[in-house]
Amino acid sequence: MLTLLGLVMRGLRWRWVSSVAMALVAVVAMVGAALGPLYANSAADSLVREGLAQAAPASTGVLVRAQHAGQTQFSPAELLDAASKRAADPALDPWYEPGTLALTATSVALRLRDNPIGTALIGWHRGQCGAVDLTSGACPTASGEAMISSRMAEQFDIVLGDSLRLGISDDVATDQVEVVGTYDADTADPAVWGLVSPAQFQPSQAPDGPDRLDEIVVDQATFLQGSGDVAATSFRALDATTVHAADLPDLRRAVESSVAPIPASAGAGPQTVASSGLPAFLDSLDPDLADVGAASFAVTASLVLLAWFALFLLVSATGEERSGEVALAKLRGMPPRSAFLFGVGEPLLILLAAVPVGLAAAFGINRYVAGAVMSEGTDTRISSAALIALAIGFLGGVVAATLASRRIITAPVVEQLRHTGGRRAQLARSVAVDAFAIALLAAGVYQLRRGGSDALALLTPSLVALTMGLLAVRVVPPLARGEVARTRGSRRVAGFLAASNIARRPGGLRTVVLLALAVGWTVFAVDGWAVASANRNDVAPAEVGGWQVLHVRSYSPGSLLTAVQAADPSGTHALAAVASSAGTTGGLIAVDAARLGAIAAWDPAWTGSSREGIGPMLHPEQAAAPIPVHGSLAIDMDVELGAGSGSVALAAAVRDGGGILHTVDLGELRPGMSTYRADLPVCVAAPCTLAALTFTPTPLADKAAATVTITGAQDAEGEVDLTSSGSDGWRSGATSFLVRIGPLASVSVDESGHLVVSFDIQGESAAIEVADHPTALPVYLGSDTAQREGQGAGSSVTDLDGRVVPSELLGSGVLPRKLRSGALADLPFAMAVMGSVPTVPDYQVWLSADAPPSIRTALEAEGFSVVSVDSVDARLAELSRGSAALSLRLFLMAAIVALLVAAGTVLAGTYISARRRAYELAAMRSLGADNRVLVRSGRLEQVALALAGTAVGLAAGLVGAALTLPNLLMSASADYPAPWFGPAWLPVLATVAGVLVLLAVVAEVGARRTARLAQPDLLRAVQE
């Protein structure tokens, strides 16, 4: 055995060029085999960590609750103990943070100085004093003490030492608390407060309803003495940094066991309920993980098959050099078994050495890629799947080497000692191989047509390239034979030699198949990556809206609009936006439309509009400008009551600077000339706008008829011009009220410029409103919403305040942030038709790409604290870590490996076959052939084969991309702008051009080396 090993080592050293070439291809092949599973393991881990890190805490955490209602036999202390024990499940400890602990009472009616001021959450939280910023006083540390938000203190003029009645106990003594401190509600630490923020202020939806106030924070002892409906809660947040994909089965089991219902038992303590959204969230990750797994299998299978084929070609190419040595060994009596090992020993030894080198290289590449483009902390360990793939790659390489060496082992000695060309490749002419490839391709296309993206579907690009390559080798020989016939006897000696070699040698045809596979895979990968990148560049702006979006806290839409306009008076860097999820499918997003075209990253073309046209469409010019009023309102009226008219109450509706509508009584109409006056305290700090005047019978059922001539109006700063816009500046009815008033009054302007109103009603009110906004809100709808809900006569959308308002459909498509659902409207107009306060709005500030930092600074100085920030760049980075991007990146890496394998095989094959081809060229030279002709013939042969393989690969790659990309990308872009599926001609053609240049260099080098070896003396040699 040692002697045999020595012979193999000598052969490797003697044929060091071919040995190095085979070693490089073998190493790259092993890299391809191991890289897919290694990358898939890391990609799956990245998806899990990225998904968990971005998930809302409510989706992944564990919430435990013990409620006093229905368990009145238990004290708050017992509820607290039960919740704490249930949450402290040690099975959760490896992945979950320590639990919060709280006692809360919800929607409690507060009283200040015996007057109701609203409803609030009353809470105690373990560790609360160190988890929020105090703005004055101290944190409650004893029974009967409380702290309130600084916003609430300012709103109700509450000072330290004031008392509040909480409503959590029937005993006044224990229910009364003293305000000992104030806190900033926006600074509460979620690690202590859990899912519920103390910043809960929300004006009432009803005109006379109570406001929702920020949380009242008390000491634990206050709750323990209470007798009301108290809940004890504990929330454990998931620490996403501790979770890896390999942990998911254990994590799921731990959570499902922890939240499983506990059977009630007589005499036991309080019942607790535990819940978690983690199992459902993990289920939502399964499709992405499956896509990455399918891509890994497709890539690994393709690269392993390509590597086997490349090794088969290289070992076959070295057969001529090793054939004579094996024949001599047989003549010297070497046993068949030893002769077999001697014949395959060189490639097997190279393959064995390539396994650890390839694994190490694949591990290093995967680790680099994971660190560069995947989530922080992504696992890069060597998985069992990688070792299995590596073993399969090695065993397949052994089989390929054995098959390639079978002729030099089994052929008669006399035939082995000849320098002859081989027979036509069985692969090229095997109908069974062709049929099998076509059958697999048909199955893959069928899967794609069904919308699948499994491993077989993702193998389609490789199967297309293989099938087209096999068909090409049936076409190339007849074409070559035709060229031989045309050039025989002509002066085109180089063309004749090249065509005859292509027609009779199997190596060239195998090269066509190899190049078709490698180039086809590369074209698919490059095209897919370029197409996906272009789609991501559309998706991110559509999702974010602006180049950067600040989510801020604001008291009202109007205050945000005013502040943003003041911070950016140019109107080119920032706009205010308010999003609501109420009502209309997908909700409403209202933006300062006048600035939208200049600032948005979102493209208005996705709704059929343009940057210049979107603003005027959403905010068309109106008949009247808003009428400002300051501090008070006095209206001079000449009233003529109709016959039989009862009493009529006059009221004015004004909208404050925040966009909130207020109604003030101006008194009862009196015959003749009178002045009707009311103070407007909400219009002192900032001017309001006059919205409407209403006329209501008292009682409502009575008849009311009158003609009212308004001769003048004044506010705290002087005259108010009501008729500067003429008769079109006012219209009958009122669209902005919580209960709309129909067009039951007539309104006109007389010759003296006075506003004249006439009405004759019974059982309902009449009104006139300023025509500074349209009666139907102009909107663009998401295409899905438009299709689902329809928009025709009498269409409507849900406004920011939750009211359904008439709408005018401008178009549909992909909206900013709402995408294919919801509605897009102008913020000033959306405020103009609000009848009450917004419903849980998301206040946003969109910034342009070049917005200066001073805008954010100015907003924060005005009290608009930034809660979170979105940006197009950050979203693009997130999308580049999604399943589709990770899969396509794997395809791109595989393409590089495939090109290296193909180029290395072609180059190595050229060098290895040069000595054999040199015999033929030496014969030609002895007959007087010019050296330039010989070089040209070799060059033409290689270039023709390279062009054939590359052309087939280009066509196959584009076909594979056309079949595969819609399924691969559509699942990730169903809600986004219509995806583009290519082809991306520029990067594809640039890649193909680079491949052709490389192959041309290989052809030139190979032709010159072969011609240089073709000396007449070579014909006298029996064996080199």
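**Surface patch and open sheet of the predicted model**

Leu63, Leu195 and Val196 together make a nonpolar surface patch of about 220 Å². The structure described here is a predicted model. Of the patch residues, Leu63 belongs to strand E1, which covers residues 62-67. The relative accessibility of Leu63 is 30%, and this residue therefore counts as partly exposed, the range between buried, under 20%, and exposed, over 50%.

A further element of the model is an open sheet of 9 strands with mixed pairing, arranged in the order E27-E28-E26-E29-E13-E12-E30-E11-E31. The edges are occupied by strand E27 (796-798) and strand E31 (866-871); each has a single partner strand, so one side of each is left without a neighbour in the sheet. From one strand to the next, the twist averages 35°. In general, strands of a sheet pair through backbone hydrogen bonds, in either a parallel or an antiparallel manner.

Within this sheet, strand E26 (residues 777-782) and strand E29 (residues 823-826) run antiparallel and are joined by 3 bridges. Leu781 has Ala823, in E29, as its bridge partner.

Helices also pack on the sheet. Helix H25, formed by residues 853-861, touches E11, E12, E30 and E31, and its direction makes about 160° with that of E31. Helix H20, formed by residues 557-567, lies across strand E11 (548-552), strand E12 (574-580) and strand E30 (842-847). The direction of H20 is at about 165° to E12. Strands E11, E12 and E30 are thus contacted by H20 and are likewise touched by H25.

Note on methods. Residues are numbered from 1 along each chain as its sequence is written. This is a predicted model: local features need pLDDT of at least 70, side-chain atom pairs count only at pLDDT 80 or more; totals for chains, interfaces and linings use all residues. Side-chain values use heavy atoms; hydrogens and water are left out. Patches are made of residues with over 30% relative accessible area and no salt bridge: like charges are joined within 9 Å, nonpolar side chains (Val, Leu, Ile, Met, Phe, Trp, Tyr) within 5 Å. Accessible areas come from the Shrake-Rupley method with a 1.4 Å probe; for residues, only the protein chains shown count as cover. A salt bridge is a side-chain nitrogen of Lys or Arg within 4 Å of a carboxyl oxygen of Asp or Glu. Helices (H or I, at least four residues) and strands (E, at least two) are DSSP runs, numbered from the N terminus. Buried means under 20% relative accessible area, exposed over 50%, partly exposed in between (1.4 Å probe, protein chains only). Two strands pair if DSSP finds at least two bridges between them. Axes are lines fitted to C-alpha atoms, for helices over the stretch in contact, and angles run from 0 to 180 degrees between N-to-C directions. Contact means heavy atoms within 4.5 Å.
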